[in-house]
Amino acid sequence: QVQLVESGGGLVQPGGSLRLSCAASGLTFSRYIMSWYRQAPGKERELVAAIPSGGSTTNYGDSVKGRFTISRDNAKNTVYLQMNSLKPEDTAVYYCNARWVFFGNDNNYWGQGTQVTVSS
């Protein structure tokens, strides 16, 4: 069974930092594009960051560019999101996503989410 388990969320003051982790199991981790999405109450889910299987390039949403860093450790089947200079508008549930599309087979998995609250 494929599982994605997020951890590291919590309450942080504006300007603070937090590191999220997503541990994957039940899949060949190195094949998957790993991403972080977030969703605030009443808003649509949005892409935060993505990192391809090779890990050499990354993609970020405009609102977090320059503040967040995504990375992965294929040996540990884990993807990370380092969040710096946090703002109240970063408050959301953060979700880990794993996706691998190969010969028409779309493998797409989601974690349960972890709450990040930025408030003074």
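Hi everyone. Let's start at I51, which touches Y32, I33, M34, T57, T58, I70, S71, R72 and V79, leaving out residues up to four places away in sequence. Before I go on, please keep in mind that this is a predicted model.

So where does I51 sit? It has its place in strand β5, which covers residues 46-51. Is I51 buried or exposed? I51 is buried, because its relative accessible area is 2%, and the cut-off for buried is under 20%. One of the contacts of I51 is M34. Those two residues are 17 apart along the chain, and their C-alpha atoms are separated by 5.5 Å.

Right beside M34 in the numbering is S35, so let's move there. S35 belongs to strand β4, residues 33-39. S35 has a relative accessibility of 6% and therefore counts as buried. Setting aside neighbours within four places in sequence, what does S35 contact? The list is L47, A49, A50, I70, Y95, C96 and N97. You may recognise I70, which is also touched by I51.

Now let's go over to the strand pairings, starting at the beginning of the chain. Strand β1 runs over residues 3-7, and its two faces are not alike: L4 and E6 make up the covered one, while Q3, V5 and S7 make up the uncovered one. Which strand does β1 pair with? Its partner is β3, residues 18-25, in the antiparallel sense, with 5 bridges between them. Within that pairing, E6 stands opposite C22.

Next comes β11, residues 114-118, which has a nice alternating pattern. T114, V116 and V118 point to one face and are buried, whereas Q115 and T117 point to the other face and are not. Strand β11 takes part in two pairings I'd like to show you. With β2, residues 10-12, the sense is parallel, over 3 bridges, and here L11 stands opposite T117. With β9, the sense is antiparallel, also over 3 bridges, and A92 has V116 as its bridge partner.

Strand β9 has another pairing, this time with β10, residues 105-110. These two run antiparallel and are joined by 6 bridges, with A98 standing opposite Y109. Together β9 and β10 form a hairpin with 2 residues between the strands, and in it F103 takes a positive phi near 50°.

That phi value leads to a short aside. Most residues other than glycine have a negative phi. Let me point out two more exceptions. N77, which is not a glycine, has a positive phi of about 55°. N77 lies in the loop between β7, residues 68-73, and β8. With a relative accessible area of 22%, N77 is partly exposed. The other is S85, again not a glycine, with a positive phi of about 50°. S85 lies in the loop between β8 and β9, and at 40% relative accessibility it counts as partly exposed.

Staying in that part of the chain, let's look at T91. T91 is placed in the loop between β8, residues 78-83, and β9, residues 92-102. T91 counts as partly exposed, because its relative accessibility is 23%. Which residues does T91 touch, not counting those up to four places away in sequence? They are A40, Q115, V116, T117 and V118. Take V116 from that list: T91 and V116 are 25 residues apart in sequence, yet 5.4 Å apart in space, C-alpha to C-alpha. There is also a link to P88, whose backbone oxygen lies 2.9 Å from a polar atom of the T91 side chain.

T91 also brings us to our last stop, a cavity. How many cavities of 30 Å³ or more does the structure hold? It holds 1. The largest cavity has about 60 Å³ of space, and its lining is made of R38, Q39, A40, K43, E44, E46, E89, T91 and A92. By type, that lining divides into 5 charged, 2 polar and 2 nonpolar residues. Notice that A40 is both in the lining and among the contacts of T91. A92 is in the lining too, and we met A92 earlier as the bridge partner of V116 in β11.

That's my tour. Thanks for listening, everyone!

Conventions. Residues are numbered from 1 along each chain as its sequence is written. This is a predicted model: local features need pLDDT of at least 70, side-chain atom pairs count only at pLDDT 80 or more; totals for chains, interfaces and linings use all residues. Side-chain values use heavy atoms; hydrogens and water are left out. On a 1 Å grid over the protein atoms alone, a cavity is a set of points where a 1.4 Å probe fits but cannot get out, and a pocket is an open set with protein on both sides within 12 Å along at least five of seven lines; lining residues have an atom within 4 Å of a point. Grid points are joined across faces, edges and corners, and a volume is the space filled by probe spheres set on the points. Ala, Val, Leu, Ile, Met, Phe, Trp, Tyr, Cys and Pro count as nonpolar, Asp, Glu, Lys and Arg as charged, and the others, Gly among them, as polar. Helices (H or I, at least four residues) and strands (E, at least two) are DSSP runs, numbered from the N terminus. Buried means under 20% relative accessible area, exposed over 50%, partly exposed in between (1.4 Å probe, protein chains only). Contact means heavy atoms within 4.5 Å. A polar contact is a pair of N or O atoms within 3.5 Å; within protein, one must be able to donate a hydrogen and the other to accept it, and residues adjacent in sequence count only if both atoms are side-chain atoms. Two strands pair if DSSP finds at least two bridges between them.
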